[in-house]
Amino acid sequence: MALLNILQYPDPRLHTVAKPVTEVDERVRRIVADMFETMYSAKGVGLAATQVDIHERIIVVDTSEQRDQPMVLINPEIVQRSSDCKEWEEGCLSLPGIYDKVTRPDRIRVRALDARGESFEIEGDGLLSVCVQHEMDHLDGKVFVDHLSALKRNRIRARMRKRQREAEAA
Ligand code: K1U
Ligand code: ZN
């Protein structure tokens, strides 16, 4: 297994739309294993392949308290969403230390392939629902700050650029 580099906002590669996985084979399972290692090491609850510069529709999630319920979703599709929405404070491993509120459907039902290429469905609300929707946005080239006002997004982009300049100078 390997730790992968997580792209940092405003890297333009974060806006790439990922392609569907055509075959769930050993190559895909290796990507999944590396993504889990990277997500757990960064203490995240989810990770999309886009964030590690792999533009295929793969996400990994573990929202359990014990960090012992890994879930992989390949080619995920939302098949049902509640009409009631909820506001949640979101974070992102591509924008460390930046948090803001985003409103999304409270409950979703998602169909995806697992690591053996078998189709399954999950339904959830709370952090699981928020996290899966946030990761699916990544696969469509969307970052959570794209849900915020242009003013907030520009401030965050400037803050991230300043941080990167300082890191390069150090
Ligand atoms: O996509 C990512 O970068 C992962 C992201 C998932 C996420 C968490 C919370 C709301 C929306 C999306 C994170 O893991 S952020 C960092 C984090 O560790 C965390 C945040 C909230 C609760 C628990 C952990
Ligand atoms: Zn994210």
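The following questions and answers concern a predicted model and the reasons for some of the labels applied to it.

Reader: Why is the aromatic pair of Phe36 and Tyr40 called stacked?

Author: Ring centres must lie within 6.5 Å to pair, and planes under 30 degrees apart count as stacked. Phe36 and Tyr40 have 6.1 Å centre to centre and 20 degrees between the planes, so the pair meets both limits. The count of aromatic pairs comes to 1.

Reader: Where do Phe36 and Tyr40 lie along the chain?

Author: Both are in helix α1 (residues 26-41), where they sit 4 residues apart, about one turn of the helix.

Reader: What makes Phe36 buried?

Author: The limit for buried is under 20% relative accessible area. Phe36 has 14%, and therefore counts as buried.

Reader: Is Tyr40 buried, exposed or partly exposed?

Author: Tyr40 has a relative accessible area of 27%. Exposed begins over 50% and buried ends under 20%, so Tyr40 is partly exposed.

Reader: How do you know that strands β6 and β7 pair?

Author: Pairing takes at least two bridges. Strand β6 (residues 108-113) and strand β7 (residues 119-124) are joined by 6 bridges, so they pair, and they run antiparallel. One of the partnerships is that of Ile108 with Gly124 in β7. The hairpin has 5 residues between the strands, and Gly117 takes a positive phi near 85 degrees there.

Reader: What makes Cys92, His134 and His138 donors of the zinc ion (ligand 2)?

Author: A donor atom has to be within 2.8 Å of this metal. Cys92 (SG), His134 (NE2) and His138 (NE2) are at 2.1 to 2.3 Å, so they qualify. Water is not among the atoms, so the site may look incomplete. Along the chain the donors follow the spacing C-x41-H-x3-H.

Reader: Why are His134 and His138 separated by about one helical turn?

Author: Because they are 4 residues apart in helix α2 (residues 126-139). Both histidines are buried.

Reader: How do you know that Cys85 is not in a disulfide?

Author: Two cysteine sulfur atoms must be within 2.5 Å. The closest cysteine sulfur to that of Cys85 is in Cys131, 18 Å away, which is too far for a bond. Cys131 is in no disulfide either, as the nearest cysteine sulfur, that of Cys92, is 10.0 Å away. The count of disulfides comes to 0.

Reader: Which accessibility labels do Cys85 and Cys131 receive, and why?

Author: Cys85 has 47% relative accessibility, not over 50%, so it counts as partly exposed. Cys131 has a relative accessible area of 5%, which is under 20%, so Cys131 is buried.

Conventions
Residues numbered from 1 in each chain as written. Chains lettered and ligands numbered in written order. Predicted model: local features only at pLDDT ≥ 70, side-chain atom pairs only at ≥ 80, totals over all residues. Heavy atoms only, no water. Phe/Tyr/Trp six-rings, centres within 6.5 Å; stacked < 30°, edge-to-face > 60°. Helix = DSSP H or I, 4+ residues; strand = E, 2+ residues; numbered from the N terminus. Buried < 20%, exposed > 50% of the residue type's maximum accessible area, 1.4 Å probe, protein only. Donors = N, O, S within 2.8 Å, 3.2 Å for Na, K, Ca; no water.
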